Amino acid sequence: MKHLVLTIAATTLLAGCGVSTQQEVQLGTDYARQINAQLPIVDDPEINRYINVLGDSIATLADDRNLEWRFFVVDSKEVNAFAVPGGFIYINRGLIERTHTMSQLAGVLGHEIGHVTERHSIEQMQKSQKANIGVTLACVLTRVCDSQASQALINVAGSAVFAKFSREAEEEADNVGIANVVRANIHPNGIPEMFEILLEERRRSPEGVDAWFRTHPIEEDRIANTRAKISKIDPVILQSLTRDSRNYQLFKQRVASLPPSPQPRAR
């Protein structure tokens with residue numbers, strides 16, 4: 001019953017005009033609880049410590065709302081990453097394994113943090129709810145959808161969290177991501193470098209990065225745009241920024257030492 005109330009409240013809230021930071025955090029916490037129950041989250045303490053230290057070093061300088069940021073590594077060989085409103089960031093193991101330097105993973109984190117600070121997921125969820133509020137309430141209040149109440153929020157409103165962002169939202173997250181990592185004293189070239197790694201793999205073996213490209217459209221002009229943005233930063237500042245670290249390489253080795261990722265659950 002408590003979850004029914006949360007689901008109805010969130011549905012009604014998203015259909016309205018505004019979402020406060022407190023409401024965003026409450027909504028994100030509910031999503032994250034369900035996501036963590038469904039996805040294979042890595043529970044290695046050293047891996048979790050590192051990803052949260054790195055993520056916090058970027059996020060705490062990117063937002064003034066005092067969000068309690070949480071970063072998770074998903075034990076999946078697929079390349080993907082996504083952000084949940086309220087400060088919850090998920091990075092797949094498969095993406096980490098494709099990075100070569102700390103700045104490349106930091107660029108992904110900075111980009112996903114940008115989606116949260118610019119409230120892109122909230123905007124998508126509001127649009128989704130305006131179209132689906134009647135169906136959502138019917139599913140929650142009755143059994144016409146034959147679905148568990150605990151799944152209604154993720155299946156309907158939550159679909160917007162995992163939807164492909166608009167080109168404008170992705171460009172904004174790229175630009176914000178560059179600023180985010182620079183503030184954390186990390187070199188922003190990791191962002192276009194990661195794009196290049198993924199584009200090259202798509203040419204050679206597209207099945208390995210299919211999940212990423214379903215939700216993160218990348219074309220050559222995005223690489224050019226981010227490099228152009230970076231070129232406007234003072235070269236003296238760029239020279240002082242960190243590209244890699246021994247701790248990051250140790251983190252990658254620990255990720256690589258994990259047992260093979262579990263097979264995706266049958267749907």
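Here are some questions and answers about this predicted model.

Reader: What kind of model is this, and how are residues numbered?
Author: It's a predicted model, where local features need pLDDT of at least 70, side-chain atom pairs count only at pLDDT 80 or more, and totals for chains, interfaces and linings use all residues. Side-chain values use heavy atoms, with hydrogens and water left out, and residues are numbered along each chain as its sequence is written, from 1.

Reader: How are the rings of tyrosine 50 and tyrosine 248 arranged: stacked or tilted?
Author: Rings of Phe, Tyr and Trp (its six-membered ring) pair if their centres lie within 6.5 Å; planes under 30 degrees apart count as stacked, over 60 as edge-to-face and the rest as tilted. A search of the whole structure gives 6 aromatic pairs. For tyrosine 50 and tyrosine 248, the centres are 5.9 Å apart and the planes sit at 50 degrees, so the pair is tilted.

Reader: How many residues apart are tyrosine 50 and tyrosine 248?
Author: Helices (H or I, at least four residues) and strands (E, at least two) are DSSP runs, numbered from the N terminus. Tyrosine 50 is in helix 3 (residues 45-59) and tyrosine 248 in helix 13 (residues 246-256), so to speak distant parts of the chain, and the separation is 198 residues.

Reader: Is tyrosine 248 buried or exposed?
Author: Buried means under 20% relative accessible area, exposed over 50%, and partly exposed in between (1.4 Å probe, protein chains only). Tyrosine 50, at 11%, is buried. Tyrosine 248 has 0% relative accessibility, so this one counts as buried.

Reader: Which residues does the ring cluster hold?Author: The rings of tyrosine 50 and phenylalanine 251 have centres 4.6 Å apart and planes at 25 degrees, so that pair is stacked. Phenylalanine 251 is in helix 13, 201 residues from tyrosine 50. Ring pairs link these into a cluster: Tyr50, Tyr248 and Phe251.

Reader: Which strands are at the edges of the sheet?
Author: Two strands pair if DSSP finds at least two bridges between them. The open sheet has 3 strands in the order 1-3-2, with mixed pairing. The edge strands, each pairing on one side only, are strand 1 (70-74) and strand 2 (81-84).

Reader: In strand 3, what is the bridge partner of phenylalanine 82?
Author: Strand 2 and strand 3 (residues 88-92) pair in the antiparallel sense over 4 bridges. Alanine 81 stands opposite isoleucine 91. For phenylalanine 82, the partner in strand 3 is tyrosine 90.

Reader: Which residue in the hairpin turn has a positive phi?
Author: Strand 2 and strand 3 form a hairpin with 3 residues between them. The residue to look for lies in that loop and counts as buried at 2% relative accessibility. With a phi of about 95 degrees, it's glycine 86.

Reader: Which residues does glycine 86 touch, not counting residues up to four places away in sequence?
Author: Contact means heavy atoms within 4.5 Å. Glycine 86 and valine 116 are 30 residues apart in sequence, yet 6.9 Å apart in space, C-alpha to C-alpha. The full set touched by glycine 86 is Glu24, Val25, Leu67, Glu68 and Val116.
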